[in-house]
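Biologist: Hello! I am new to this structure, so please pick a single part, give me a close look at it, and then show me how the rest is arranged around it.

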Amino acid sequence: MSEQQVEAVDAVPTAEHHEGGFRPIADLGRDFTVGGPHYGEFVDQVRTLMDKVRLANPTDEIALDAIATLKELNDKLDTVVTDEWSAPTWHRTDLPSRGNITLPPFLVDSASKDGVHARITFRTFHLGGNNAAHGGHIGLGFDDLLGMTAAVHTRAVTRTAYLHVDYRAITPLNTELAVHGWVERVEGRKVFVRATMHDGDRLCAEAHGLFLLLKPGQQ
């Protein structure tokens with residue numbers, strides 16, 4: 001483990017932090033060097049692999065060759081796998097979706113108490129059918145962006161209580177879409193949020209949800 005990784009592990013929240021084991025929200029997005037200067041390109045190559053696998057129809061020869069290559073790559077990555085809190089995705093707000101490959105890639109244009117404006121792109125991997133984004137991936141994008149909206153507004157960690165998505169039109173793939181999230185109101189621990197997703201002037205989907213502020217020590 002590198003010196004940088006040791007320092008990251010030492011920074012993991014301890015019992016005195018009220019977030020129930022979460023890294024303190026004030027610590028997020030503070031170190032763009034985590035993962036190194038090529039981390040963004042590394043993630044993009046993984047996304048490209050996911051896109052190609054989504055539509056691949058390999059011959060036996062290509063499948064076996066790819067399996068061997070992937071096994072070799074996984075063995076290499078075994079040497080650098082770390083814990084949740086030390087992973088670059090807690091810091092790399094300079095990259096699409098913080099470098100988190102489990103999320104559709106999005107870029108945040110502005111984030112404040114008044115709301116979050118972002119651009120999201122659903123790639124080939126997110127295909128649902130007939131060149132449209134899968135509804136589940138749309139919900140995933142909304143969930144992460146609305147979680148960010150609630151966190152920026154309250155400056156605290158929240159959990160999703162419910163998320164409702166209305167699909168208004170086909171959401172295209174490989175097209176940059178505009179997302180706007182905002183907090184409607186806060187009632188005690190309850191943070192009520194809304195969001196829209198547009199392709200130009202066309203409303204593709206909208207969402208509303210409830211996020212809950214954590215109690216002291218709550219996970």
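Modeller: Happy to, and let me start with the terms for the elements: a strand is a DSSP run of E with at least two residues, a helix is a run of H or I with at least four, and both are numbered from the N terminus. By that rule, Val108 sits in strand S1, which covers residues 106-112. Please keep in mind that this is a predicted model.

A quick overview will help you find your way. The protein has four helices and eight strands, and along the sequence they come in the order α-α-α-β-β-β-β-α-β-β-β-β. Of its 219 residues, 38% are buried. Among contacts with a separation of 6 or more, 67% are between residues 24 or more positions apart.

The part I would like to show you closely is Asp51, in helix H2, which runs over residues 39-55. Asp51 has a relative accessible area of 13%, so it counts as buried, the limit for that word being under 20%. What does Asp51 touch, leaving aside its neighbours within four places in sequence? Its contacts there are Arg123, Thr124 and Phe125. With Arg123, the side chain of Asp51 makes a polar contact of 2.7 Å. With Phe125, the partner is the backbone: its nitrogen is 2.9 Å from a polar atom of the Asp51 side chain. Asp51 and Arg123 also belong, together with Asp44, to a network of salt bridges. In general, side chains of opposite charge can pair when their charged atoms come close.

Now follow the chain on from Phe125 to Leu127, in strand S3. Leu127 and Asp51 are 76 residues apart in sequence, yet their C-alpha atoms are 9.1 Å apart in space. Leu127 is buried because its relative accessibility is 17%. Beyond its neighbours within four places in sequence, Leu127 is in contact with residues including Arg54, Leu55 and Leu173.

The loop between strands S3 and S4 holds Asn130. With a relative accessible area of 79%, Asn130 is exposed, in contrast to Leu127, which is buried. Asn130 also has a positive phi, near 55°, although it is not a glycine. Most residues other than glycine have a negative phi. Asn174, in the loop between strands S5 and S6, likewise has a positive phi, near 50°. Asn174 is partly exposed, at 48% relative accessibility.

Let us go back to helix H2, for it has another side to show. Val53 is in H2 as well, but Val53 is exposed, with a relative accessible area of 54%. Val53 joins Leu49, Leu70 and Leu73 in a nonpolar surface patch of about 320 Å². Helices H2 and H3 are the elements that give two or more residues to that patch. So within H2 you can find both a buried residue, Asp51, and an exposed one, Val53.

Helix H4, residues 135-154, makes a useful companion. Which is it, enclosed or open to the outside? Since 15 of its 20 residues are buried, H4 is largely enclosed by the rest of the structure. The end C-alpha atoms of H4 are 28 Å apart, which agrees with the 28 Å that 20 residues should span at 1.5 Å a residue. Just after H4, Arg155 takes a positive phi of about 60°.

H4 has a charged link of its own, one of 11 salt bridges in the structure. Asp144 pairs with Arg98, the closest N and O atoms being 3.1 Å apart. Asp144 is in H4 and Arg98 is in the loop between H3 and S1, so this pair ties together parts that are 46 residues apart in sequence. Asp144 is buried at 19% relative accessibility, whereas Arg98 is partly exposed at 22%.

That brings us back to Val108 in strand S1. Leaving aside neighbours within four places in sequence, Val108 is in contact with Val116, His117, Ala118 and Met148. Val108 is partly exposed, with a relative accessible area of 37%.

Methods. Residues numbered from 1 in each chain as written. Predicted model: local features only at pLDDT ≥ 70, side-chain atom pairs only at ≥ 80, totals over all residues. Heavy atoms only, no water. Buried < 20%, exposed > 50% of the residue type's maximum accessible area, 1.4 Å probe, protein only. Polar contact = N/O pair within 3.5 Å; in protein donor to acceptor, adjacent residues only side chain to side chain. Contact = heavy atoms within 4.5 Å. Patch = residues over 30% accessible without salt bridge, like charges linked within 9 Å, V, L, I, M, F, W, Y side chains within 5 Å. Areas by Shrake-Rupley, 256 points an atom, 1.4 Å probe, with all protein chains shown as cover. Salt bridge = Lys/Arg side-chain N within 4 Å of Asp/Glu carboxyl O. Expected span 1.5 Å × (residues − 1).
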